[in-house]
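Okay, everyone, I'd like to walk you through a model I've been looking at. Have a look at it on the screen first, and then I'll talk through the strands, the core and a few single residues.

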Amino acid sequence: MRVQLLPSSFEENGGASTKQHLTCLIVDDRIAFDAGSLAMASSPVQKRQVRDVVLSHAHLDHIAGLPLFIDDLFSTLTEPIRIHATSEVIEVLENDIFNWSVYPRFSELCNENGPVMSYLPFKLGVEFMVGHLTIRAVTVNHRVPSSGFVVSDGLTAFAMSGDTAAMEDFWRAVNEASILSAVMVECAFPDELRELAAASHHLTPSGLELEIAKCERTECTFYVLNLKPMYREQTIKQIMALNIENLTVLDVGRVYDW
Ligand SMILES: [Zn+2]
């Protein structure tokens with residue numbers, strides 16, 4: 001399974017930045033998990049193939065590229081962009097984003113081939129299929145309704161926390177998964193900003209250490225993502241100081257093969 005965290009900003013020379021402002025992971029160039037930079041950073045192949053978008057929650061850094069992605073592809077789509085999300089997240093998208101004021105209500109629009117966008121609600125704890133992937137969504141601990149995911153293609157699997165503070169259900173799902181190669185966990189802020197992290201339901205390196213201790217699997221590598229760009233270096237230094245052998249930071253833009 002190939003997994004890539006798309007870039008979301010630029011260096012001075014115009015190349016992709018290694019900092020992460022937005023969240024969009026693409027699996028096998030076909031299925032997007034969150035859509036922060038989906039329109040802006042996806043490759044031509046990904047633009048041609050991604051028709052399923054699975055959303056963890058409706059915060060802007062996770063959905064910013066979604067309206068633009070559908071807009072860009074509007075006239076060329078031969079099937080709708082399918083949004084997989086909980087009913088709570090779908091309600092936010094319809095009320096607050098695709099409401100004609102912020103952006104068109106694409107769920108009501110068609111091109112000459114048919115509808116351009118559709119919603120497929122999923123339920124927490126119930127497995128569902130998206131393309132070739134089997135997905136189990138679990139509750140995580142953020143300020144708004146949010147899901148983490150365990151994702152399998154039948155041969156290998158990974159888990160991703162999305163935005164979260166301390167979790168229980170997620171680790172139960174990780175520990176129960178029959179196969180698992182990688183676990184992606186957020187760590188937004190350095191320890192100095194633990195109050196801000198607590199108020200916004202995010203993790204700091206100390207919290208991350210407690211979370212990883214809940215994992216009973218020894219074969220997994222832990223990848224940290226969603227580090228706030230302003231504190232990235234400081235947070236990475238503290239993550240490395242935890243001295244956890246199989247813990248590393250997920251590189252922005254790199255394609256991982258698990
Ligand atoms: Zn969030």
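**Strands, core and a few odd residues**

Let's start with a pair: strand 4 (residues 52–54) and strand 5 run parallel and pair over three bridges. Before I go on, a caveat: this is a predicted model, where local features need pLDDT of at least 70 and side-chain atom pairs count only at pLDDT 80 or more, while totals for chains, interfaces and linings use all residues. Numbering starts from 1 along each chain, as its sequence is written.

On vocabulary, strands are DSSP runs of E with at least two residues, helices are runs of H or I with at least four, and both are numbered from the N terminus. Two strands pair if DSSP finds at least two bridges between them.

Back to strand 5, then. Asp 52 has Arg 82 in strand 5 as its bridge partner. Strand 5 is also joined to strand 8 (residues 117–121), again in parallel, by five bridges. Arg 82 turns up there too, standing opposite Ser 118 in strand 8.

So how enclosed is strand 5 (residues 81–85)? Four of its five residues are buried, so strand 5 is largely enclosed by the rest of the structure. Buried here means 20 or more other C-beta atoms within 10 Å of the residue's own; 12 or fewer is exposed, anything in between is partly exposed, and the C-beta atoms are placed from the backbone.

Strand 8 also holds Leu 120. With 14 C-beta neighbours inside 10 Å, Leu 120 counts as partly exposed. Leaving aside neighbours within four places in sequence, Leu 120 is in contact with Arg 82, Ile 83 and His 84, where contact means C-beta atoms, placed from the backbone, within 7 Å.

Now the other sheet I want to show you. It's open, has seven strands in the order 9-10-11-12-13-14-15, and the pairing is mixed. Strand 9 (128–130) and strand 15 (247–249) are the edges; each has a single partner strand, so one side of each has no neighbour in the sheet. Neighbouring strands in this sheet are turned by 25° against each other on average, direction ignored. For angles, axes are lines fitted to C-alpha atoms, for helices over the stretch in contact, and the angles run from 0 to 180 degrees between N-to-C directions.

Inside that sheet, strand 12 (residues 157–160) and strand 13 (residues 182–186) pair in the parallel sense over three bridges. Phe 158 sits opposite Ala 182 in strand 13. What lies across strand 12 and strand 13? That's helix 6 (residues 169–176), which also lies across strand 10 (133–139) and strand 11 (147–152), and runs at about 145° to strand 10.

Phe 158 comes back in the core. The largest nonpolar core has 74 residues, and the ones touching the most other members are Ala 32, Phe 158, Ala 159, Val 183, Met 184 and Val 224. By nonpolar core I mean a set of buried Ala, Val, Leu, Ile, Met, Phe, Trp, Tyr and Cys residues joined through C-beta atoms within 7 Å. Not counting residues up to four places away in sequence, Met 184 touches Phe 158, Ala 159, Met 160, Ser 161, Tyr 223, Leu 225 and Leu 250.

Over in strand 14 (residues 221–225) we find Phe 222. Phe 222 has 22 C-beta neighbours inside 10 Å, so it counts as buried. With the same sequence exclusion, up to four places away, Phe 222 touches Val 183, Val 185, Ile 212, Asn 246 and Leu 247.

Next, backbone oddities. Most residues other than glycine have a negative phi. Asp 28, in the loop between strand 2 (25–27) and strand 3 (31–33), has a positive phi near 50°. His 201, in the loop between helix 7 (194–200) and helix 8 (205–212), also has a positive phi, about 55°. Asp 28 counts as partly exposed, with 16 C-beta neighbours inside 10 Å, and His 201 as partly exposed with 17.

Zooming out to finish: the protein chain has nine helices and 16 strands. Its radius of gyration is 18 Å, close to the 18 Å from the globule rule for 258 residues, so the chain is as compact as a globular protein of that length. That radius is taken over C-alpha atoms, and the rule is 2.2 Å times the number of residues to the power 0.38. Buried residues make up 44% of the 258.

Terms used
Contact = placed C-beta atoms within 7 Å.
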